[in-house]
Structures are given as C-alpha cells and as structure tokens.
Amino acid sequence: MRLTPGPARDTGLAGVDLFDLDLYGSGDPHPVWDLMREQAPLHQQVLPDGREFWSVTRYEDVRRVLSDHREFTSERGTVPTHLGTDDPAAGVLMTSTDPPRHTEVRRPLGSKLTARAVRVWEERIRATVVRFLEPALDGAVFDLAEEALLLPALVTGPLLGIPEKDWEELVRLTAMVTAPSDPHFRLGSEAATLAISHHELLTYVRDWARTHRAAGVEDESLLHHLTSVRPGGEPLSDEEIALDGYSILLGANVTTPHTVSGTVQALIERPEQYRKAAADPALVPNLVEEGLRWTSAACNFMRYAVDDVEIAGGTVPAGGAVVAWIGSGNRDASVFPDPHSFDITRAGAKRHGAFGFGPHFCIGAPLARMTLRVFFEELLARFESLEFAGEPQHLRSYFIAGLTHLPVTGEKRRTP
C-alpha cells in the first residue's frame with residue numbers, strides 16, 4: 001500500500017471494504033483510515049459471504065484491543081485470514097494463546113532476545129549488512145525490496161539454528177503465509193497457497209525437532225531452546241514445538257524487510273531527510289523508530305471480544321472479531337502530530353505500535369531494532385544518495401504493508 005498518502009479525495013464510509021486487496025496493492029487506505037478515525041472509530045463490516053468484523057483505527061483503541069487479553073482474546077486466531085474459521089492451533093501456537101500459557105512459553109525465549117542478550121550479535125549483523133549492500137555499490141540497479149526479503153534470514157538464521165541451505169526456501173514460505181494473494185508468492189488459489197505454506201513450514205520445524213531430539217543435539221539456538229520450555233511443568237511436544245517454531249519463523253522473516261524497503265523509499269522521496277541522517281549518525285535510532293511507525297509492516301492484528309465490550313463509542317458483542325489497524329493508529333494525529341509527514345527528528349516516534357502492545361508485543365523487537373539501526377548506519381555511510389530506478393510495486397495484502405519491488409541505484413560515498 002502507499003505509505004505517503006495521495007491527493008485528498010472524496011470518500012465515504014458506506015462503501016468501505018477493508019478486505020479489498022486492491023486498496024493495498026494499488027490503492028491508498030490512508031484517506032479511509034483518516035475518515036474512520038474521525039467519523040467511525042468503531043466500524044462494522046459485513047463481507048458478502050456473511051462474515052463480519054469490527055475495526056478500531058484510533059491509537060488508544062488499537063492499544064487497548066491488543067493489550068487486554070481479558071477483554072479481547074487471541075485464542076481463536078489473531079490474523080484476518082482466520083476470520084470465520086477459528087485457528088486450529090489456537091491455545092497452543094504462541095501467537096494464538098493468552099496468558100498464563102503464552103507467558104510461560106514466551107518468557108524463557110524472551111530472555112534470549114533482550115537488548116543486552118542480542119548485543120553480542122551486533123558485529124556479526126554489521127558484517128552481514130555490509131555484504132548485503134556490496135552489490136549496490138557499483139551503481140547497478142539493485143532491487144532492494146526483493147533482496148531484503150532474505151536479509152532477516154541472513155541475520156537470524158544462525159540464531160534460530162537453521163542451516164543456510166534452507167534460508168531461501170523458508171523465506172519464500174513465510175511470505176506465502178502472510179501474502180497468499182500476491183502474484184509474487186501465490187501458488188494457485190489463496191487457500192492453496194496458505195495450505196501449502198502452512199504444511200511445509202510445520203513439517204520443516206517438526207522434522208527439525210525430531211532430528212535434534214534423536215541426535216541429542218545441544219546448542220544455543222532459539223529453536224533448540226523450545227525443547228527446554230515447560231508450560232505448566234510439562235515439556236512441549238514435537239507438535240507444539242513445530243507450531244511455536246513456525247510462529248518464530250514468521251516473526252523473524254516477515255516484517256523487517258518491508259520496514260527496510262519502506263523506510264528507504266521514504267528517504268529517497270525526501271532527500272533532505274536522507275542528508276540530515278547522513279550528516280548526524282546520532283539520528284539513526286530515531287530514524288529507525290520513525291521508519292517503524294511510517295511503514296507499520298504488520299498493519300493489523302485481530303482479536304475476539306470475550307464479552308460485550310464498550311469501546312470507541314460503540315459495542316462489540318461477545319464473540320465478535322475485532323481488527324486493530326496498527327497502520328491507522330500509527331497515523332493518529334492526537335498522538336503523532338502531522339502524522340503523514342516522515343520526520344526523522346519526530347519527538348515521540350517510539351510510541352508507535354509497530355511491534356504491537358501488551359502480552360504479544362514482538363518478542364524479537366530488540367533484535368529488529370538493532371538490525372535496522374545497523375542497516376541504516378551502514379547504508380548512510382556508504383551512499384551519498386539513492387534514487388529510484390523503476391516503479392515501486394506494493395504487496396497485495398491487507399495484513400502486511402510492504403513492497404515486492406523497489407529498484408534503486410546509489411551514488412557511492414567518496415572517502416575523504
């Protein structure tokens with residue numbers, strides 16, 4: 001979807017279809033979200049097949065829905081692709097459980113991903129980013145969006161315990177899960193794409209777990225660490241490890257590439273912001289936070305109301321599906337003044353909800369932040385400027401906001 005809104009246009013709530021893939025692949029949802037925040041902060045939509053959901057678009061309402069598991073449960077599914085059919089892994093898959101089980105599985109993994117814990121990976125990540133950028137240094141066209149899909153695997157593959165020969169295929173499968181309607185990743189129908197990718201990813205992690213158990217392998221990888229997790233005092237089964245490993249793979253691979261390419265797109269469109277960041281490396285951490293807010297790569301998550309809930313001036317009935325639009329909340333002018341401006345000096349940019357809120361706040365946020373900081377430090381140090389070398393192409397997904405193609409060329413920075 002467009003990250004910089006187009007010209008203001010007349011729009012109305014009557015015809016709003018937030019599941020219209022064209023709105024994101026070739027359209028512009030921001031004027032729709034702007035109108036919803038102003039006129040319908042709680043919006044009900046009924047799909048042609050009878051499925052219905054409620055949307056919240058204001059920052060504080062998005063935060064509430066994602067933070068309070070007592071009012072809004074994750075245990076029927078957390079992504080809009082599950083609307084109408086409860087997630088069969090609900091209550092087991094880490095992303096589809098509520099506390100206390102969610103906390104019991106998450107806490108030991110989180111201890112491996114604190115800001116302090118991941119600091120030892122910084123130089124390795126920096127070396128990876130430098131190698132990643134090398135092909136662009138000769139001035140040839142570099143499709144940043146396509147190449148960046150593999151960047152998280154280059155960074156997290158060793159941390160997860162996944163051999164390099166498998167990275168490319170796993171990246172493709174995770175992209176199929178999150179954008180099954182995009183021609184770039186679709187295999188047949190959307191349903192077929194989802195079925196194939198779910199099956200292949202679960203089979204991969206299940207086989208990985210069984211092989212490691214049988215061989216008695218001991219290492220420090222995150223996937224191996226799942227074998228020591230004991231929610232309720234019991235070890236996870238191979239199936240539970242497969243489901244939670246699947247969740248970790250999705251989290252590791254899906255959003256960071258689109259944050260990278262979307263932020264670079266914003267900087268190319270605003271060369272004064274690029275020059276400002278290049279002149280003052282101390283601005284890079286805030287550039288990262290503004291990039292996270294701006295791109296909102298995971299642009300929504302879904303919950304279900306436990307009971308009738310009063311929110312945003314209306315009522316969601318018990319059992320109602322609620323989609324919290326993070327991409328809209330991160331453009332709420334009451335929290336982010338002049339929200340459609342990309343400003344690397346923005347005060348309070350870190351309040352964004354790009355990593356979610358509450359119990360399901362992204363477990364890999366410290367690693368993602370460090371990876372993004374290192375990426376932009378190295379990018380700005382190596383390139384005097386960047387230019388578009390073709391039209392950006394947007395991901396066809398109402399769940400992930402991103403790019404499939406961003407051809408760029410760069411002018412290499414001259415050493416003094």
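1. Helix 2 sets its buried residues against helix 1 (21–25), strand 1 (42–46), strand 2 (52–56), strand 8 (321–325) and helix 16 (326–329). Helix 2 itself covers residues 30–39, and seven of its ten residues are buried. Those residues are His-30, Pro-31, Val-32, Trp-33, Leu-35, Met-36 and Arg-37. The model is a predicted one.

2. Helix 12 (residues 238–253) is largely enclosed by the rest of the structure, because 14 of its 16 residues are buried. Its length is as expected: at 1.5 Å a residue, the 16 residues should span 22 Å, and the end C-alpha atoms are 22 Å apart.

3. These two helices belong to a protein with 17 helices and twelve strands. Of its 416 residues, 56% count as buried, that is, under 20% relative accessible area.

4. On overall dimensions, the radius of gyration is 21 Å, which agrees with the value near 22 Å for a compact globule of 416 residues. Along the principal axes, the C-alpha atoms fill a box of roughly 65 × 60 × 40 Å.

5. Among contacts with a separation of 6 or more, 71% join residues 24 or more positions apart. The contacts of helix 2 with strand 8 (321–325) and helix 16 (326–329) link residues 30–39 to later parts of the sequence.

6. The protein exposes about 17100 Å², and carbon and sulfur atoms supply 52% of that area. There are 41 positive and 58 negative side chains. The centres of the two sets lie 5 Å apart.

Terms used: Residues numbered from 1 in each chain as written. Predicted model: local features only at pLDDT ≥ 70, side-chain atom pairs only at ≥ 80, totals over all residues. Heavy atoms only, no water. Helix = DSSP H or I, 4+ residues; strand = E, 2+ residues; numbered from the N terminus. Rg over C-alpha atoms; globule rule 2.2 N^0.38 Å. Buried < 20%, exposed > 50% of the residue type's maximum accessible area, 1.4 Å probe, protein only. Contact = heavy atoms within 4.5 Å. Areas by Shrake-Rupley, 256 points an atom, 1.4 Å probe, with all protein chains shown as cover. Lys, Arg positive; Asp, Glu negative; His and termini not counted. Charge placed at Lys NZ, Arg CZ, Asp CG, Glu CD. Expected span 1.5 Å × (residues − 1).
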